[in-house]
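Let's take a friendly walk through this molecule, one region at a time. Have the sequence and the 3D view open as you read.

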Amino acid sequence: MQDLLSHEETIIEDIDEEPPSYYPHPLMSVLSHTHGLFEQPSVNITQSLFHKQPSGCEPRSLSAIRAFRRKFFPNTSDKEWKDWQWQIANRIRTYQQLNRMLILSAEERETLETNHSKLPLGITPYYMSLLSADDPYQALRRTVVPTIYELMRSEGEADDPLGEEHQSPVPGLVHRYPDRALLLVLDFCSTYCRYCTRSRVVGHGGILPSKSRLEKAIDYIRYTPTIRDVLLSGGDPLTLGDDKLEWLLKNLREIPHVEVIRIGTKIPAVLPQRVTKKLTRMLKKYHPLWMSLHFVHPEECTQESYRACGMLADAGIPLGSQTVLLKGVNDNVATMTSLVDHLMKMRVRPYYLYQCDPITGSAHFRTRVEKGLEIIRGLRGFTSGYAVPTYVIDAPGGGGKVPLMPDYVAGRNGDKLMLKNYEDKLYSYPDSQGFDVLM
Ligand code: SF4
């Protein structure tokens, strides 16, 4: 117990470091009078992100990563670099650090200098080593470096578009479906994604992994026998230390009606060093345990990520990726094909492709729905069926996930159903009623 408490203090100290950094942008108060929307600030948007093609589809070379380490972490040993706690302690969190490591664009500089972003800045040195120093349009860089566009609110956007706050019977627990509960373990992530659906809470230090709060959530689950599936999310639950995470898993596993535990995490993409033998030895005691990973681009599929996913899979944990469709990051068939093919080799099933939620300040990341359908059409039939994710929109207001499919039915001709295959060739299927066997 002493270990647990001291670890808890460590985590809480970490979170206290996060600046509660949401201050309304001065432009917002002026511009919010116009139909409640925030308009674009002074940055020249014509040379913006919207028409740029995403960068390459392969992870950065090892020599580029080594060069980054030599330049910015020259005295760091391999042992330190591979230590996940070192990675967390040395995250890039300030404008000054970013300015040293990247040639910042006007869109990035303006946001960072004023620090008006709602979501803190946080990037592990490992993930930082995968970013391009001179290309602000590089896919991975766009996902973690703030730009001025996240300060603009577009029509239909909201801080809590999924209505989670209204479905929370105890702090940090969302109970939307009768048989499932979402437990926000903490609001801390090693690296913050600029399109995060929970940017209203993530990194703000309001959801702490304190034992008393978690006990209340566990009690709620214990006394609600309809709950058979618990999803641990946050924040990133794998940023907890092994002891604390085990305490949580053990308590949940002891509840007879909890059949399945799932963990939602981006760790294998942003901090693969966290996946250690000790962690996987511990996790495999709590089966059936599933993991929803979060990969968005093939450049995240490095040797380290392969290793981390392999270790989790070897521990018997079924792995699925929940990928968010992001404009200028992965919104084309070639990038998505490369990503899902990597994931299959990493033993991760591409599970969901999410339409980006209308979270405040995310318009620059959102594509039209047709784009998602076009991507699914470009995958189906052109790669393994297992590699084709289900494209979903999380219905605003808490309506749950709605699957979307390209339409392969071309029409009907009497008892014949006309079907289009992946090559747009027409086929006829005998769709008669059949007959009932008389008993
Ligand atoms: S890892 Fe998940 S919770 Fe954390 S910032 Fe990214 S999307 Fe949000």
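The report below covers the ligand surroundings and then two sets of strands.

## Around the ligand

Please keep in mind that this is a predicted model. Which residues sit around the ligand? They are Cys189, Tyr192, Cys193, Cys196, Arg198, Val202, Gly234, Gly235, Asp236, Lys266 and His294. By character, this shell splits into five nonpolar, three polar and three charged residues.

## Parallel strands β5, β6 and β7

Strand β5 spans residues 289-293 and runs parallel to β6, residues 319-325, with three bridges joining them. To find this pairing in your viewer, look for Leu293, whose bridge partner in β6 is Ser321.

On to the next pairing: β6 is also joined to β7, residues 349-355, by six bridges, and these two strands again run parallel. Here Thr323 stands opposite Leu353 of β7. Together with helix α15, residues 333-345, strands β6 and β7 form a β-α-β unit, and this unit is right-handed.

## The antiparallel sheet

Further along the chain, three strands form an open sheet in the order β10-β11-β12, paired antiparallel. Why does one side of β10 and of β12 lack a neighbour in the sheet? Both β10 (409-413) and β12 (426-430) are edge strands with a single partner strand each, so one side of each has no neighbour there. From one strand to the next, the twist averages 25°.

Four bridges hold the antiparallel pairing of β10 with β11, residues 416-420. Among the residues involved is Gly411, which has Met418 in β11 as its bridge partner.

Definitions and conventions. Residues are numbered from 1 along each chain as its sequence is written. This is a predicted model: local features need pLDDT of at least 70, side-chain atom pairs count only at pLDDT 80 or more; totals for chains, interfaces and linings use all residues. A residue is near a molecule or strand if its C-beta atom, placed from the backbone, lies within 6 Å of it. Ala, Val, Leu, Ile, Met, Phe, Trp, Tyr, Cys and Pro count as nonpolar, Asp, Glu, Lys and Arg as charged, and the others, Gly among them, as polar. Two strands pair if DSSP finds at least two bridges between them. A crossover is right-handed if, with the strands pointing away from the viewer, the path from the first strand over the helix to the second runs clockwise. Axes are lines fitted to C-alpha atoms, for helices over the stretch in contact, and angles run from 0 to 180 degrees between N-to-C directions.
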